[in-house]
Amino acid sequence: MNIKRQRGINLVWVSILSMCVAAAGMATLYTIRYGHLPFQETLSRWQSSGKVIGNELKKATNMGDLHAPGLANEEGPPPVTVQTGVRRCLIDGKTVISNTECTDQNPTTKLMKLHDTQGFVHPKPAQAEESGSSDPDTDVRRKMIDKIIDKSGH
């Protein structure tokens with residue numbers, strides 16, 4: 001009797017593929033709901049803590065620069081704020097919004113003012129009327145609640 005082996009992927013690889021598809025779906029749904037992945041926040045926290053540790057090492061060892069020799073020590077462009085604004089220009093027929101790529105030499109460069117907003121704001125609750133009149137339904141409910149409390153106490 002000659003046994004033929006089945007061809008194709010085995011059950012282990014099917015389960016690994018299913019886990020990868022499920023992880024990608026979960027990441028997509030999380031991104032759609034919150035607009036970002038938690039890994040980005042964790043990575044930025046680790047990077048900022050690394051900078052703090054590096055600064056503490058510089059202070060403790062009295063060494064000025066911990067970078068390798070020959071490498072430029074650039075901190076990057078200054079951050080964009082509401083006061084400074086951001087530049088907009090055309091590069092290769094495409095609109096680009098960037099302070100680093102839109103230089104003063106480009107004739108299409110324009111400064112855009114930024115406006116600080118609060119984003120989505122929850123509606124404020126309606127102000128209750130300050131007059132002494134109240135809804136008769138709430139008065140009846142309060143009386144019924146008081147009766148039930150009195151009966152349960154005896």
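## Briefing on a predicted model

His 36 lies in the loop that connects H1 with helix H2 (38-61). The model is predicted. The protein has three helices and three strands, and from the N terminus on these elements follow the order α-α-β-β-β-α. The points below take up His 36, the sheet, a surface patch and the protein as a whole.

**His 36 and its surroundings**

- His 36 has a relative accessible area of 25%, and it counts as partly exposed because this value falls between the limits of 20% for buried and 50% for exposed.
- With neighbours within four places in sequence left aside, His 36 is in contact with Tyr 30, Thr 31 and Glu 41.
- The loop that holds His 36 comes between H1 and helix H2.

**The sheet**

- Three strands make up an open sheet, in the order S2-S1-S3 and with antiparallel pairing.
- Strand S2 (94-97) and strand S3 (110-112) are at the edges and have a single partner strand each, so each has one side without a neighbour in the sheet.
- From one strand to the next, the twist averages 30°.
- Strand S1 (residues 86-91) and S2 run antiparallel and are joined by four bridges.
- Which residue of S2 is the bridge partner of Arg 88? The partner of Arg 88 is Ile 97.

**A nonpolar patch on the surface**

- Ile 9, Leu 11, Val 12, Trp 13, Val 14, Ile 16 and Met 19 form a nonpolar patch on the surface.
- Together, the residues of this patch have about 740 Å² of accessible area.
- Ile 9, one of the patch residues, sits in the segment before helix H1 (11-34).
- Is Ile 9 buried or exposed? Ile 9 counts as exposed, because its relative accessibility is 61% and the cut-off for exposed is over 50%.

**The protein as a whole**

- The protein has 154 residues, of which 5% count as buried.
- About 15100 Å² of the protein is exposed, and 59% of this area is supplied by carbon and sulfur atoms.
- Among contacts between residues at least 6 apart in sequence, 23% join residues at least 24 apart.

Methods
Residues are numbered from 1 along each chain as its sequence is written. This is a predicted model: local features need pLDDT of at least 70, side-chain atom pairs count only at pLDDT 80 or more; totals for chains, interfaces and linings use all residues. Side-chain values use heavy atoms; hydrogens and water are left out. Two strands pair if DSSP finds at least two bridges between them. Helices (H or I, at least four residues) and strands (E, at least two) are DSSP runs, numbered from the N terminus. Axes are lines fitted to C-alpha atoms, for helices over the stretch in contact, and angles run from 0 to 180 degrees between N-to-C directions. Patches are made of residues with over 30% relative accessible area and no salt bridge: like charges are joined within 9 Å, nonpolar side chains (Val, Leu, Ile, Met, Phe, Trp, Tyr) within 5 Å. Accessible areas come from the Shrake-Rupley method with a 1.4 Å probe; for residues, only the protein chains shown count as cover. A salt bridge is a side-chain nitrogen of Lys or Arg within 4 Å of a carboxyl oxygen of Asp or Glu. Buried means under 20% relative accessible area, exposed over 50%, partly exposed in between (1.4 Å probe, protein chains only). Contact means heavy atoms within 4.5 Å.
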